[in-house]
Amino acid sequence: NMSTPDLETTKNEHLRVLFIHGGGYAKGRDLTKQKFSLFLQKHFTNYHIEHMLDTTKFEACLLQQAKAIKSFKPNVIVTKSQGGAILLELLQRGYWAGPSVMCCGALVPDLDDMTLPPRIPFVLVNGTNDIVVPRKVPELFLRCNMGVKDNIKLIFVEDGHSLKSILNDDPEKVNLYGLVLEVWDMRKRVDGFDEDGIIPPEPDPEKLKGILAKKMRLIGERLEKVKENEKKKREELQNLLILQKEEAGGWLNNWKVFAFVPPVVALFAFFVVSWTFS
């Protein structure tokens with residue numbers, strides 16, 4: 001059951017919830033007062049958000065959230081938009097191994113490694129009308145993790161990227177409070193889940209090197225695809241310009257045809273005038 005009969009006044013005093021906000025690569029904006037943040041603060045006594053001042057600096061944001069995990073010691077992490085990409089890296093690098101709710105996760109298929117570590121209770125929520133993160137992205141994420149599909153739940157709601165529809169207190173509707181409770185409850189059904197190990201010790205340096213090397217390879221492949229696409233577009237534009245020049249040249253080469261037009265028109269006008277006044 002994702003909801004409670006008296007959700008409007010419900011405030012959970014047991015779960016510790018960390019929220020990782022999005023930002024769309026924002027710089028200098030205070031994103032701690034997002035509606036998601038205010039909703040979670042309303043429903044969870046033990047709630048924390050780290051204000052990332054410059055979301056364009058992905059690595060700095062990642063390490064900032066890793067420190068927050070160590071100090072705040074959450075039971076559940078909730079993310080929105082770009083926060084989803086940070087969450088995925090936290091899981092893969094070994095900074096976090098606990099229940100997670102990813103809302104409209106802004107993942108890039110050719111850039112982000114979408115495979116989850118094993119035994120992670122995970123809920124994804126996406127809007128059917130989201131043009132920033134279209135439904136094919138979470139569906140791809142689900143396919144990439146078919147081996148641990150019992151740990152993952154994908155939910156679509158009729159909404160856009162804001163997902164404001166899940167910030168409701170209606171026990172009959174999908175709501176963020178209920179999703180947090182649900183993913184926490186999923187831990188009981190995940191075979192081998194270690195509740196005491198959701199905050200792992202410091203990640204193995206060699207493992208981190210391997211993860212970062214893979215990330216750099218994906219970035220390199222992504223850049224090559226971008227360069228290839230740009231090259232194709234330049235070639236198409238050049239071919240179009242050549243074709244237009246050839247067409248324009250064809251008309252100019254036939255200028256002699258147009259040279260007869262003025263005399264013919266003048267002769268026709270002369271006959272018309274002569275006939276009129278005759």
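**Exercise 1. Work out how far helix α3 is enclosed by the rest of the structure.**

Start with the count: 12 of the 12 residues of α3 are buried, so the helix is largely enclosed by the rest of the structure. Keep in mind that we're working with a predicted model. Next, put names to the count: Q82, G83, G84, A85, I86, L87, L88, E89, L90, L91, Q92 and R93 are the buried residues of α3. Then check the geometry. α3 covers residues 82–93, and its first and last C-alpha atoms are 17 Å apart, close to the 16 Å expected at 1.5 Å a residue. Finally, look just past the end of the helix: G94 follows, with a positive phi near 90 degrees.

**Exercise 2. Search the structure for aromatic pairs and classify the one formed by F19 and F36.**

Run the search over the whole structure and you get three aromatic pairs. For F19 and F36, the ring centres are 6.1 Å apart and the planes meet at 20 degrees, so this pair is stacked; the cut-off for that label is under 30 degrees. Now place the partners: F19 belongs to strand β1 (residues 12–20) and F36 to helix α1 (residues 35–43), so to speak a link between distant parts of the chain, 17 residues apart. Last, check accessibility. F19 comes out at 0% relative accessibility and is buried, and F36 is buried too, with 2%.

**Exercise 3. Do the same job for F122 and F141.**

Geometry comes first: this pair is stacked, with 5.4 Å centre to centre and 20 degrees between the planes. On to location: F122 is in strand β5 (residues 122–127) and F141 in helix α4 (residues 136–144), so the pair ties together parts 19 residues apart in sequence. As for burial, F122 has 0% relative accessibility and counts as buried. F141 is buried as well, with a relative accessible area of 0%.

**Exercise 4. Find which charged ends sit over the rings of F36 and W184.**

Take F36 to begin with: the charged end of K80 sits over its ring, 5.5 Å from the centre. Then move to W184, where the charged end of R187 sits over the ring at 3.8 Å from the centre.

**Exercise 5. Locate N168 and decide whether it is buried or exposed.**

First, the address: N168 is in the loop between β6 (152–157) and α5 (176–186). Second, the accessibility: N168 has a relative value of 13%, so it counts as buried, the cut-off being under 20%. Third, its side chain: one of its polar atoms lies 2.9 Å from the backbone nitrogen of D170.

Methods. Residues are numbered from 1 along each chain as its sequence is written. This is a predicted model: local features need pLDDT of at least 70, side-chain atom pairs count only at pLDDT 80 or more; totals for chains, interfaces and linings use all residues. Side-chain values use heavy atoms; hydrogens and water are left out. Helices (H or I, at least four residues) and strands (E, at least two) are DSSP runs, numbered from the N terminus. The expected span of a helix is 1.5 Å times one less than its number of residues. Buried means under 20% relative accessible area, exposed over 50%, partly exposed in between (1.4 Å probe, protein chains only). A polar contact is a pair of N or O atoms within 3.5 Å; within protein, one must be able to donate a hydrogen and the other to accept it, and residues adjacent in sequence count only if both atoms are side-chain atoms. Rings of Phe, Tyr and Trp (its six-membered ring) pair if their centres lie within 6.5 Å; planes under 30 degrees apart count as stacked, over 60 as edge-to-face and the rest as tilted. A charge sits over a ring if NZ of Lys or CZ of Arg is within 6 Å of the ring centre and within 35 degrees of the ring normal.
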